[in-house]
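Me: Please take a close look at a single residue in this model, and tell me about its exposure, its polar partners and its surroundings in the chain.

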Amino acid sequence: MRGHNNPGGGFIGGLIAASAFAIYGIAYGVPPVRRALRFHPMGIAGFGLVVATLAGVPSLIGGKPFLTALWAYPKIFGMEVAISTATFFDIGVYL
């Protein structure tokens with residue numbers, strides 16, 4: 001949960017997800033794991049790299065160093081929600 005508001009959740013989340021697929025592969029074999037993934041692992045990793053890189057672009061546009069976490073507080077259904085570029089970076093690291 002730390003990675004939702006601060007850096008630090010994407011790496012361990014990715015490790016847990018990858019280990020789940022590894023255990024599934026040990027139990028049922030490689031073909032079911034390939035069907036469960038739906039996308040090629042290199043495509044997932046490449047997309048994660050793009051997402052993590054794009055998370056740093058708003059800070060550059062704002063005149064801050066690359067990958068500086070920025071926050072926005074939009075109101076969604078009348079509730080203020082905190083959204084950070086660090087969350088998108090963690091999603092990229094997770095992938």
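Reply: Ser59 is buried in this predicted model, since its relative accessible area is 1% and the cut-off for a buried residue is under 20%. The residue belongs to helix H5, which runs over residues 57–61, and its side chain has polar partners on the backbone: the side chain of Ser59 reaches the backbone oxygen of Gly56 at 2.6 Å, while a polar atom of that side chain lies 3.2 Å from the backbone oxygen of Pro65.

Pro65 also appears in the list of residues that Ser59 contacts once its neighbours within four places in sequence are left aside, a list made up of Lys64, Pro65, Phe66, Leu67, Thr68 and Leu70.

As for the wider setting, an unreviewed UniProt entry carries the annotation "transmembrane region" for residues 12–30 and 42–61, an annotation that may be inferred rather than shown by experiment. In the model, the span of residues 42–61 is 90% helix and 0% strand, with its end C-alpha atoms 29 Å apart, whereas residues 12–30 are 95% helix and 0% strand, with 23 Å between the end C-alpha atoms.

For a point of reference elsewhere in the chain, Ile76 lies in strand S2, which covers residues 75–76, and this residue counts as partly exposed because its relative accessibility is 38%. Between Ile76 and Thr53 there are 26 Å in space, C-alpha to C-alpha, for a separation of 23 residues in sequence.

How values were computed
Residues numbered from 1 in each chain as written. Predicted model: local features only at pLDDT ≥ 70, side-chain atom pairs only at ≥ 80, totals over all residues. Heavy atoms only, no water. Helix = DSSP H or I, 4+ residues; strand = E, 2+ residues; numbered from the N terminus. Buried < 20%, exposed > 50% of the residue type's maximum accessible area, 1.4 Å probe, protein only. Polar contact = N/O pair within 3.5 Å; in protein donor to acceptor, adjacent residues only side chain to side chain. Contact = heavy atoms within 4.5 Å.
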